[in-house]
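Q: I'd like a close look at one part of this model: the loops and helix ends, plus whatever sits around them. Keep it informal, and take me from place to place.

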Amino acid sequence: MFSTLNIRAALIAGTATLLLVAAILVGSRNLNNFDAALVAYLFGCIFACFAVVYRYCVWLQRPPTWKYFVRGWELLFSRHFVPYVLELVKHLFTQFIGQKFIRNRGTARGVGHMLMAGGCTLAFAVTFPLVFGWVNFQLKPGGIDTYEVYNFGFKVMEFPLHSWVAEALFNALNWSAILVIAGVMIMMRRRLTHAGQIAIQTFEGDWLPLLLLLAISLTGLGISLDYKFMEGKAHQFMAITHAITVILFLIWLPFGKFYHIIQRPAQFGIALYRKAGEAGPQAICPHTKLVYDTKLHVDDVKDVAAEIGFNYARKDGTSHLDYSPQGKRALLAKAHLKARQDSGAFFG
Amino acid sequence: MNTTTFRTDQEFFIDPQRCIGCHACEMACAECETNGQQPMIHVDYVDRYLTPQTSVQVCMHCEDPTCAKVCPADAITKDEFGVVHSANHARCIACSNCVQACPFGVPRKITPMDLMMKCNLCYDRTSVGKRPMCATVCPSGALYYGTREKMRELRPNSTPVNQFRFGQQVVKTKVNIMMPKGATELVVDAQ
Ligand code: SF4
Ligand code: SF4
């Protein structure tokens with residue numbers, strides 16, 4: 001195992017984890033505001049932090065990934081950063097929050113994903129600060145009907161117990177569970193009925209994530225329903241199964257399908273890169289004589305391909321990769337024709 | 001992947017010289033459920049000014065796929081049967097590296113979906129022992145999917161070849177191209 005350990009990634013992940021632990025200690029005022037009932041979740045988060053950062057760093061070390069990573073940050077920190085920041089903001093709203101590209105893959109799919117993503121984001125926004133002890137609620141001294149909210153140990157607001165603010169805050173996780181369950185149902189239906197999906201889906205890659213989200217949401221919702229309608233009779237069962245499913249999620253986050261939550265923002269870098277490429281010279285295919293890509297991209301792909309051990313260089317100093325996809329297909333067809341011609345028969 | 005009735009005794013044999021440009025394969029390809037009714041096969045005029053010759057190109061399912069190696073998102077995978085799958089929808093960030101690096105010019109970027117798609121050997125069909133759609137409709141024998149023995153019978157003067165040379169790079173593929181008898185590789189650009 002240690003022979004395959006990526007030292008640099010392990011060091012960065014270790015540092016990030018230590019920083020998180022320090023932030024938890026500081027933010028929770030030396031664990032004074034930490035809720036001991038959440039300790040299992042806390043360890044799950046700390047493990048996930050190490051593993052996610054480790055995997056991210058290993059992933060970044062791949063030449064094509066590193067190329068885009070560097071290019072993206074270079075553009076954001078260049079002297080002409082303004083159009084790139086604007087592009088980033090546009091992308092954030094249309095693709096990241098609006099998820100237009102997923103809706104373009106199918107309406108039901110877009111809605112299902114939006115519900116799951118919305119529910120998960122809401123749940124993360126509530127859970128992590130609570131688990132880390134960064135946010136905590138206390139009854140206002142001298143009464144029993146006003147709550148105070150503390151953020152990093154500082155009081156940020158107070159609200160009456162029977163108010164819409166209290167309803168919204170205390171039910172946020174229930175709402176997120178309902179959103180996720182609705183989204184999971186739509187996605188499961190698709191996986192049961194779409195022949196193309198059925199052919200390529202796998203249990204661990206596609207079904208397990210949905211089942212896990214469903215289990216987390218149902219048990220989470222169950223805690224509230226049990227409290228409200230069953231006088232907490234099933235609390236222990238609900239609380240334990242919920243903790244187990246959430247911790248499984250956290251442990252699996254760096255390895256399975258959920259890793260795309262971490263990986264996906266790379267799409268931002270691509271949007272900036274494309275904009276930069278469009279502003280520069282374009283690549284013209286020697287076969288079609290048409291523009292087919294940006295020169296920046298063609299050159300970068302040639303570099304990356306060479307770096308990972310492919311050598312498409314021709315003897316005249318040009319490269320097979322200088323051709324557009326259509327040009328490449330034509331080169332192959334012409335070579336095939338020539339081979340047939342040289343053999344004396346077009347067919348055989 | 002899910003199903004295990006993939007027939008390892010059957011192979012894909014393409015003969016672009018035989019393509020008559022009827023586009024039947026393209027229509028059939030659009031029936032493939034895994035690409036969401038979008039045709040992935042390429043039917044092109046080779047050089048419109050000089051000749052009406054058309055050519056057909058499917059994914060060659062390379063043994064060491066350049067597309068997968070240049071993918072920054074690890075979105076392209078090869079399975080135990082040697083099928084190189086279309087991009088993983090959750091991972092692909094639509095950077096087009098694969099589009100530009102594939103030596104056969106196969107992958108397509110579907111811009112509105114921010115997704116790369118390509119021929120995946122009709123995995124919905126081949127994984128249950130059926131032939132890819134395109135090969136079932138090609139009237140000229142440019143696309144054939146079956147056993148090596150049957151191909152030998154049908155084309156006694158040709159040899160299936162699965163090695164290509166692009167400049168300095170040798171690429172080996174799962175899909176075969178039919179070459180004159182005795183050939184061992186197709187040199188695409190030697191100069
Ligand atoms: S032919 Fe192109 S797309 Fe298909 S496996 Fe090879 S490199 Fe990838
Ligand atoms: S377009 Fe998608 S599949 Fe192709 S290289 Fe980029 S991320 Fe990978």
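A: First, a word on naming: helices here are DSSP runs of H or I with at least four residues, strands are runs of E with at least two, and both are numbered from the N terminus. Also keep in mind that you're looking at a predicted model. For chain A, the pLDDT averages 93, and 99% of the residues score at least 70. Within that chain, confidence bottoms out in helix α9 (residues 195-200), with a mean of 86, and peaks in strand β4 (residues 282-284), at 98.

Let's start with the two ends of helix α10 of chain A, which covers residues 203-229. At the start, a side-chain oxygen of A:Thr202 comes within 2.9 Å of the backbone nitrogen of A:Gly205. At the other end, just after α10(A), A:Glu231 has a positive phi of about 55 degrees. That's worth a second glance, because most residues other than glycine have a negative phi.

Two loop residues of chain B have a positive phi too. B:Asp74, in the loop between α2 (66-70) and α3 (97-101), sits at about 50 degrees even though it isn't a glycine. B:Asp114, in the loop between β4 (108-110) and β5 (115-117), is also a non-glycine residue with a positive phi, near 50 degrees. Their surroundings can be told apart by the cut-offs: B:Asp114 is buried because its relative accessible area of 5% is under 20%. B:Asp74 counts as partly exposed because its 25% falls between 20% and 50%.

Now for the ligands. Around ligand 2 there are 14 residues, and those that come nearest are B:Cys71, B:Cys92, B:Cys95, B:Ser96 and B:Cys98. This shell has 12 nonpolar residues, 2 polar and no charged ones. Ligand 1 is also surrounded by 14 residues, with B:Cys59, B:Met60, B:Cys62, B:Cys67 and B:Cys102 the closest. Its shell divides into 11 nonpolar, 2 polar and 1 charged. You can pick one cysteine from each list and check how covered it is: B:Cys67, by ligand 1, is buried at a relative accessible area of 8%, and B:Cys98, by ligand 2, is buried at 8% as well. With that many cysteines about, you might go looking for disulfides, but a search of the whole structure turns up 0 over all chains.

Next, B:Thr34, a loop residue where chain B touches chain A. This threonine is in the loop between α1 (24-29) and β2 (42-45) of chain B. B:Thr34 counts as buried because its relative accessible area, 13%, is under 20%. Its side chain makes a polar contact of 3.4 Å with the side chain of B:Asn35 and another of 3.4 Å with that of B:Asn120. Leaving out residues up to four places away in sequence, B:Thr34 touches A:Gly196, A:Ala199 and A:Ile200 from chain A, along with B:Asn120, B:Tyr123 and B:Asp124. Those chain A partners bring us back to α9(A), residues 195-200, where that chain's confidence is lowest.

B:Asn157 is another loop residue that reaches across to chain A. You'll find it between α6 (148-154) and β7 (158-166) of chain B. Beyond residues up to four places away, B:Asn157 is in touch with A:Gly348, and with B:Met179, B:Pro180 and B:Lys181. As for B:Met178, it is 21 residues from B:Asn157 along the chain, with 9.6 Å between the two C-alpha atoms.

Back in chain A, have a look at A:Tyr259, in the loop between α11 (235-252) and α12 (260-263). At 1% relative accessibility, A:Tyr259 is buried. Setting aside neighbours within four places, its contacts are A:Val52, A:Arg55, A:Tyr56, A:Trp59, A:Leu253 and A:Pro254. A:Arg8 lies 251 residues away from A:Tyr259 along the chain, and their C-alpha atoms are separated by 20 Å.

Last stop: α10(A) again, this time from the side. A:Asn174 belongs to helix α8 (residues 172-193) of chain A and is buried, at 14% relative accessibility. Apart from residues up to four places away, A:Asn174 touches A:Gly220, A:Leu221 and A:Ser224. Residues three or four places apart on an α-helix point the same way, because there are 3.6 residues a turn.

Methods. Residues are numbered from 1 along each chain as its sequence is written. Chains are lettered from A and ligands numbered from 1 in the order in which they are written. This is a predicted model: local features need pLDDT of at least 70, side-chain atom pairs count only at pLDDT 80 or more; totals for chains, interfaces and linings use all residues. Side-chain values use heavy atoms; hydrogens and water are left out. A residue is near a molecule or strand if one of its heavy atoms lies within 4 Å of it. Ala, Val, Leu, Ile, Met, Phe, Trp, Tyr, Cys and Pro count as nonpolar, Asp, Glu, Lys and Arg as charged, and the others, Gly among them, as polar. A polar contact is a pair of N or O atoms within 3.5 Å; within protein, one must be able to donate a hydrogen and the other to accept it, and residues adjacent in sequence count only if both atoms are side-chain atoms. Contact means heavy atoms within 4.5 Å. A disulfide is a pair of cysteine sulfur atoms within 2.5 Å. Buried means under 20% relative accessible area, exposed over 50%, partly exposed in between (1.4 Å probe, protein chains only). pLDDT is the predictor's confidence in each residue, from 0 to 100.
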